[in-house]
Amino acid sequence: MIGHILIATLLSAPTTPAPTLHVMTWNVCAGTNAACPLHRRSTADLAWHVAVLATDTDAIFLQEFCTGADADLERELEARTGRAWSVKSAPLTHPDGSPYQCHPDRTGRLRGTQSVTLAVAGHGIRFEVHPLTSPPWGPRRYALCTADRAFCTTHLSSGMANDDRQKGAPYRHAQLRELLKLSTGVVGGDLNLVPRAAAIAYKGRDECDPRNRWTYATRKRKIDYLFADDGRVRRCFLDYARSTWSDHVPLHAWISRR
């Protein structure tokens, strides 16, 4: 009888879900595209629009952010979450090495350089910036990772006339291969490739949204991604309610900790 009671108790006991990491990626389109709502908004505004979406996240991947907003973002995240945060940006450069400047805000204040940005909950997180093979005539692209490679993000070449417009997107495919070699954990960002063209990234990995719903509002296609090792992705959410904040929608993934 005692054995039966013990078994029944074990079967009826609630199970504790495995702890997860919450990661968000978002191309905020804040730098130079005048058609985007966050173009020429202040650095404080940029920080607010990111932090308000990320109050329970553990890591945030941003593209087309502005380096001048890094300190504002760190302060806003810490104020909203009650946790320490570390923020690092990898600024884009022109072929001659000069900075790819964000346009100033509406008052004329400078906002720094257009960037790929990684924010991770925790104090004193170390980061690494890795150059990616880029068209000699176009913007220089970078991958940004934590030093332990647990998180890596990027913004690959755009496919515009001056940025890997060639047939077969050779530079974007080279950049993607280089990015995947760097990562040992969660990897993603704006890859500027549709899923069939990004097929190499799916080998041995789960992507947040197997339904391949659109993330790029202008052309209604999927080009933003969050990947983790097979079996680690637990939940995915596309925040279409924010589709008027940028030309991309924020993508959220909940990923099991190792």
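**View 1. Buried residues of helix α2.** In α2, the buried residues are Thr43, Leu46, Ala47, His49, Val50 and Ala51. The model shown here and in the other views is predicted. The cover over these buried α2 residues includes strand β1, strand β2 (59-66) and helix α3. Helix α2 itself spans residues 43-51.

**View 2. Packing of helix α2 on helix α3.** Two packed helices are described by the angle between their axes and the distance between the axes. Here α2 (residues 43-51) meets α3 (residues 70-81) at an angle of about 40°. Their axes lie 8 Å apart. With that angle, α2 is oblique to α3. The crossing is right-handed. From α2, the contact uses Thr43, Ala44, Ala47, Trp48, Val50 and Ala51. From α3, it uses Asp72, Leu73, Glu76, Leu77 and Arg80. By type, the residues of this contact split into seven nonpolar, one polar and three charged. Among the α2 residues in the contact are Thr43, Ala47, Val50 and Ala51, and these four are buried.

**View 3. His22 in strand β1.** His22 sits in β1, which covers residues 20-27. Its relative accessibility is 4%, so His22 counts as buried. Its side chain makes a polar contact with the side chain of His252, at 2.8 Å. Neighbours within four places in sequence aside, His22 contacts Asp56, Thr57, Asp58 and Ala59. It also contacts His252, Ala253 and Trp254. Strand β1 is also part of the cover over the buried residues of α2.

**View 4. Gln175 in helix α4.** Gln175 belongs to α4, a helix of residues 170-182. Gln175 is buried, because its relative accessibility is 0%. The Gln175 side chain makes a polar contact with the side chain of Ser157, at 2.9 Å. Residues up to four places away in sequence are not counted in the contacts that follow. Gln175 touches Leu132, Thr133, Ser134 and Pro135. It further touches Arg141, Leu156 and Ser157. Cys66 stands 109 residues from Gln175 along the chain. The C-alpha atoms of this pair are separated by 22 Å.

**View 5. Arg172 in helix α4.** Arg172 is also placed in α4 (residues 170-182). A relative accessible area of 11% makes Arg172 buried. Beyond residues up to four places away in sequence, Arg172 touches Leu156, Ser157, Ser158 and Gly159. Its other contacts are Asp164, Leu191, Asn192 and Leu193. Leu156 and Ser157 are touched by Arg172 and also by Gln175.

**View 6. Two loop residues with positive phi.** Most residues other than glycine have a negative phi. Arg40, not a glycine, has a positive phi of about 65°. Arg40 lies in the loop between β1 and α2. At a relative accessible area of 32%, Arg40 is partly exposed. Asp164 likewise has a positive phi, near 70°, and is not a glycine. The loop between β7 (151-155) and α4 holds Asp164. Asp164 counts as buried, with a relative accessibility of 0%. Asp164 is one of the residues touched by Arg172.

Methods
Residues are numbered from 1 along each chain as its sequence is written. This is a predicted model: local features need pLDDT of at least 70, side-chain atom pairs count only at pLDDT 80 or more; totals for chains, interfaces and linings use all residues. Side-chain values use heavy atoms; hydrogens and water are left out. Buried means under 20% relative accessible area, exposed over 50%, partly exposed in between (1.4 Å probe, protein chains only). A polar contact is a pair of N or O atoms within 3.5 Å; within protein, one must be able to donate a hydrogen and the other to accept it, and residues adjacent in sequence count only if both atoms are side-chain atoms. Contact means heavy atoms within 4.5 Å. Axes are lines fitted to C-alpha atoms, for helices over the stretch in contact, and angles run from 0 to 180 degrees between N-to-C directions. Angles under 35 degrees count as roughly parallel, over 145 as roughly antiparallel, 65 to 115 as roughly perpendicular and the rest as oblique. A crossing is left-handed if the near helix is turned anticlockwise from the far one by less than a right angle, and right-handed if clockwise. Ala, Val, Leu, Ile, Met, Phe, Trp, Tyr, Cys and Pro count as nonpolar, Asp, Glu, Lys and Arg as charged, and the others, Gly among them, as polar.
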